[in-house]
Protein chains: 4
Amino acid sequence: MPVREMIDAYPAEINLDRGMIADAVQATIECAQTCTACADACLSEDQLEQLRKCIRSDLDCADICGTTARVLSRHTGYDANITRAQLQACIQACHSCGEECEAHAGKHEHCRICAQTCRRCAEVCQSLLEQIS
Amino acid sequence: MPVREMIDAYPAEINLDRGMIADAVQATIECAQTCTACADACLSEDQLEQLRKCIRSDLDCADICGTTARVLSRHTGYDANITRAQLQACIQACHSCGEECEAHAGKHEHCRICAQTCRRCAEVCQSLLEQIS
Amino acid sequence: MPVREMIDAYPAEINLDRGMIADAVQATIECAQTCTACADACLSEDQLEQLRKCIRSDLDCADICGTTARVLSRHTGYDANITRAQLQACIQACHSCGEECEAHAGKHEHCRICAQTCRRCAEVCQSLLEQIS
Amino acid sequence: MPVREMIDAYPAEINLDRGMIADAVQATIECAQTCTACADACLSEDQLEQLRKCIRSDLDCADICGTTARVLSRHTGYDANITRAQLQACIQACHSCGEECEAHAGKHEHCRICAQTCRRCAEVCQSLLEQIS
C-alpha cells in the first residue's frame, strides 16, 4: 500500500509523526477489512445463533475503523480534538470486537485472525493517541 | 424516512429510548448528507483558498456522522462503551465543523445551513449520550 | 432533511434536474438506513438461519446506496459516466435486496418495510438514470 | 494485510477464484485510501483552483472503491448481478479519476501515485469482472 508515499507527497506540514500516522492508517484499514470479512464468515457458520453479538461488533468495528482511516488520511486544517475523539472511539471498538472475537477464536479461524487484528489496531491507535497533546 | 418504523419493527429489547434513538439517527444522517453537499459547494466557490479548512471539516464530519448513524441503527449485542465513544466523536466533529461553517455563514448559504445542521446534530447526540449510563 | 435547500445553495450550474437529484439523494439515504436497520433486526430473529442471504443483501445494499447518495450530492466536476454506472449498481442492489426482503415480508415487518423502501429507491434512481444522456 | 488468510478461513464455498478476489479487495482498498489522501493533498496545494475536478473525482473514487472492497469481502448469499454492477462502477470511477490525476502528475507527486493506483485498480477489477459469467 502506498500509504507512506502519499504522506511523504503531502505538500504542507503535518502535526504528527508521519511514520506513526502511516502505521495507524494501515492498521485501521486492515482492521476494517478483516472485520467486514469476519462478519460475513460468521454469517455462513453452522452455529450462527452463537455469533449474533460477534457479527454486530464486527460491523461496528468495520465502520468505525474505516472512518478513522479516512480522518487520519487528512492533514489539511488539522483539528486535534476530532482526531483524538475518533481515535478513542476506534480503540474502544477494537477492544470490544477483539474481546468478542477472542471468545470464538478456538472454534473459528476467522475470529482468531480478527481478534489479533483488532488488538494490533488498538495498540497502534493508542500509540498515536499518546502523541496528540 | 422510516427510521422510527424500523425501530418499532425491531424484534427484541432496546436499551435506550426508541424515540431518542430515532431522533439521533435522523440527525446524524441529515448532518452527513449536508456536510457532503457543503464540501462540494465550497469546491465550486470563487474564493476556494479560504475554504480549505471548511472542506476538510465537512469531510470528517460527514464520515463520522455517517458511521454514528450506522452504530445507532444497530441494537443487537448492544455495547454501551462503543455507542458512548462514537457519540462523543460525533459531537466533537459537529462542534468543530459547525464553528468552521459558521465563520462562512454570512457569505455562503450552504455554510449557513450546514452550521445549523451541525449544531442541531450535536444537541440531539448530546441528549442521547446523557441517557447512556 | 435540507437536501433540496443544499442543492439550491449550490453556487454553480447543475447538469441534471435539481428536484430529481434531491429525490434520488433522499431515496438512497433512506434505503441505506433501512437496509442497515433490517440487517440488524434480522440478526435478532429466532429463525436466523433463514435470513443469511437477507442480511448479506441488506449489507451490500446499505453500502451501495450510501455511496450513491454521496456521488449524487456532488455536482462540481460532474462526470456522467460515474453517475450512470453508480446509479446502475444502485438499481441492481435495490432490486436484489428488495426481492430477498419481499420473500420474508409476511413474517417480518422490518423486511416488509425494507422491501418497499428498496423498490421505491430503485424507481427513483431509474427515473434519474433516464435523464442522463 | 490478512485479506487472503480471511478468504481462506471462509467456511463455505466461494464462486470466484480466491486469489483473484484477494487481489481485487487489496487493490480497491489501496485505491480508496490513496484517493482520500490525494483529495486532501490537493486541498493544500497553492493552485487549488486548478484541482477542483481532481478533488471531486478523488472523493467519488474513494467512496466507490471502498464500497466495492466491502461487496467483494462478502461471499455469503453471493449475487453475481450486484458484484458485476459494482465492479463496473468501480472500473469507471478508476478510469475517470486516473485520467484526471494523470493530467496533474507532472506537477504533483500525489496525483502521479494516485493515477497509477487507479489504473492498477481498474485492471485488477476488470480481470475479476471477466470471471463473472
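Okay, let's start with one residue, C:Cys61. It's buried, with a relative accessible area of 0%. Its sulfur has a cysteine partner in the neighbourhood, C:Cys35, and that's the closest cysteine sulfur, at 3.8 Å. That is too far for a bond. Before I go on, please keep in mind that what we have on screen is a predicted model.

So how many disulfides turn up when the whole structure is searched? Zero, over all chains. Take A:Cys111 as another case: this one is in no disulfide either, and the nearest cysteine sulfur belongs to A:Cys38, 3.9 Å away. For this model, a disulfide needs the two sulfurs within 2.5 Å, and A:Cys111 with its 3.9 Å gap doesn't get there. As a reminder, a disulfide is a covalent bond between the sulfur atoms of two cysteines. And A:Cys111, too, is buried, at 0% relative accessible area.

Let's move on to how the chains are arranged. Put chain D on chain C: you turn by 180°, you shift by 0.0 Å along the axis, and the RMSD comes out at 0.0 Å. That's the relation of a two-fold axis. And 100% of chain D's interface residues are interface residues in chain C as well, so these copies meet through the same surface.

Now try chain D on chain A. Again there's a turn of 180°, a shift of 0.0 Å along the axis and an RMSD of 0.0 Å. Which residue of chain D comes closest to that rotation axis? It's D:Ile29, with its C-alpha 3.8 Å from the axis. For this pair of copies, 100% of the contact residues of chain D recur in chain A, so the same surface serves both.

Next, the empty space inside. The count is eleven cavities of 30 Å³ or more, and the largest has a volume of about 970 Å³. That largest one is lined by 44 residues, and the closest to its centre are A:Arg70, B:Thr67, B:Arg70, C:Arg70 and D:Arg70. Helices α2 and α3 of chains A, B, C and D each supply at least two residues of the lining. What is the lining made of, by class? You get 16 nonpolar, 20 polar and eight charged residues.

Two more residues in chain C, and then I'm done. C:His110 sits in helix α5, which covers residues 109-129. At 1% relative accessible area, C:His110 is buried. Leaving out residues up to four places away in sequence, C:His110 touches B:Met6, B:Ala9 and B:Pro11 over in chain B, plus C:Cys38, C:Ala41, C:Cys42 and C:Glu45 in chain C.

The other one is C:Ile14. Where is it? In the loop between α1 and α2 of chain C. Buried or exposed? Buried, at 14% relative accessibility. With residues up to four places away in sequence not counted, C:Ile14 touches C:Ile7, C:Ile21 and C:His75. And have a look at C:Gly77 while you're there: C:Ile14 and C:Gly77 are 63 residues apart in sequence, and their C-alphas are 10.0 Å apart in space.

Methods
Residues numbered from 1 in each chain as written. Chains lettered and ligands numbered in written order. Predicted model: local features only at pLDDT ≥ 70, side-chain atom pairs only at ≥ 80, totals over all residues. Heavy atoms only, no water. Least-squares fit on C-alpha atoms with pLDDT ≥ 70 in both. Contact = heavy atoms within 4.5 Å. Buried < 20%, exposed > 50% of the residue type's maximum accessible area, 1.4 Å probe, protein only. 1 Å grid on protein atoms, 1.4 Å probe; cavity = no way out; pocket = protein on both sides within 12 Å on 5 of 7 lines; lining within 4 Å. Points joined across faces, edges and corners; volume = space filled by probe spheres on them. Helix = DSSP H or I, 4+ residues; strand = E, 2+ residues; numbered from the N terminus. Nonpolar A, V, L, I, M, F, W, Y, C, P; charged D, E, K, R; others polar.
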